[in-house]
Amino acid sequence: MMKVIVTEDQIEGGAKAFEIFEKGIKDGAKVLGLATGSTPETLYQNWVKSDLNCSGLTSINLDEYVGLKPDNPQSYHYFMQKHLFDKKPFKKTYIPDGMAKDIPAFCKKYDQIIKDNPIDIQLLGIGRNGHIAFNEPGTSFEIGTHEVKLTENTIKANSRFFDNIDEVPKSAICMGPANIMASKKIVLMAFGEKKAHAVKEMIEGPITEDVPASILQKHADVTVIVDKAAAKEL
Ligand code: GLP
């Protein structure tokens with residue numbers, strides 16, 4: 001079932017999302033699936049200024065660009081350090097290794113990590129074309145961690161974080177829909193008008209691999225936090 005919470009803006013959305021994580025952790029959640037992008041920034045702001053102790057928690061991140069080292073400011077490793085882990089140390093943090101020599105072998109290893117540490121709460125954003133993590137339209141709902149060739153759309157959207165578009169990596173390693181669906185609880189955040197169509201398709205559209213996020217309609221416990229602008233088409 002998808003529960004939808006509409007907030008005034010991203011600030012209120014971040015606070016709401018933090019409440020859900022805080023309660024989940026107090027109720028015993030130990031493994032968190034974490035995400036990057038501009039969407040979760042307000043959640044992490046609330047998190048770092050809270051008194052939540054994270055030293056007993058494990059995190060497993062959704063994705064990482066291929067070819068970026070952890071100290072590259074555009075990498076998702078760097079993002080997580082900066083926005084959360086530097087201030088809130090976790091017991092153990094996993095993020096896909098964008099520098100892995102043997103990517104298929106790494107992906108298998110990551111699937112095993114997720115199996116060994118079942119995710120209690122998974123955080124998600126959504127791309128303008130309905131992608132989750134880097135699972136682009138057309139990705140099989142059945143697959144686990146894999147290497148993804150990024151679409152022109154996603155490369156363009158993410159180029160705002162790079163000096164120029166040629167620096168945006170062409171592929172990424174990411175959890176598949178099957179990994180995401182295996183988590184016990186999912187919190188998806190989306191803010192701004194540019195996400196409104198993807199949000200509508202995800203919640204009200206048919207379940208189709210053309211809209212990766214639409215698979216979430218089949219999950220038993222999804223909370224969608226959207227601001228008014230992203231809820232516009234609902
Ligand atoms: C990227 C990330 C996704 C994220 C999406 C939206 O492609 N891999 O995990 O949800 O874009 O990004 P943003 O939150 O910056 O809008």
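Helices here are DSSP runs of H or I with at least four residues, strands are E runs of at least two, and both are numbered from the N terminus. By that count I get seven helices and 10 strands for the protein chain.

Before going on, a note to self: this is a predicted model, where local features need pLDDT of at least 70, side-chain atom pairs count only at pLDDT 80 or more, and totals for chains, interfaces and linings use all residues. Residues are numbered from 1 along each chain as its sequence is written.

**Overall shape.** I looked up the radius of gyration, taken over C-alpha atoms, against the globule rule of 2.2 Å times the number of residues to the power 0.38. For 234 residues a compact globule would come out near 17 Å, and the chain has 16 Å, which agrees. The C-alpha trace spans about 45 × 40 × 35 Å along its principal axes.

I call a residue buried if 20 or more other C-beta atoms (placed from the backbone) lie within 10 Å of its own, exposed if 12 or fewer, and partly exposed in between. On that scale 40% of the 234 residues are buried. Contacts are C-beta pairs within 7 Å, again placed from the backbone. Of the contacts with a separation of 6 or more, 81% join residues 24 or more positions apart.

**Helix α1.** I checked its length, expecting 1.5 Å times one less than the number of residues. The 17 residues (10–26) should span 24 Å, and the end C-alpha atoms are indeed 24 Å apart. Gln 10, Gly 13, Gly 14, Ala 17 and Phe 21 are its buried residues. Going by the directions from the helix axis to the C-beta atoms, they fall within an arc of 100°, so they line one face. They pack against β1 (2–7), α2 (41–49), β6 (121–124), β9 (185–190) and β10 (222–227). On the face turned away I found Glu 19, Lys 23 and Lys 26, which are exposed. After the helix comes Gly 28, with a positive phi near 115°.

**Annotated sites.** UniProt (unreviewed entry) puts "active site" at Asp 63, Asn 129, His 131 and Glu 136. Its positions are in the numbering used here, feature names are shortened, and annotations may be inferred rather than shown by experiment.

I followed up two of these. Asn 129 sits in the loop between β6 and β7 (146–149), and so does Glu 136. Asn 129 is partly exposed, with 18 other C-beta atoms within 10 Å, whereas Glu 136 has 21 and counts as buried. Leaving aside neighbours within four places in sequence, Asn 129 contacts Pro 137, Asn 153 and Ala 198. With that exclusion, Glu 136 contacts His 131, Val 148, Thr 151 and Thr 154.

Definitions and conventions. Contact = placed C-beta atoms within 7 Å.
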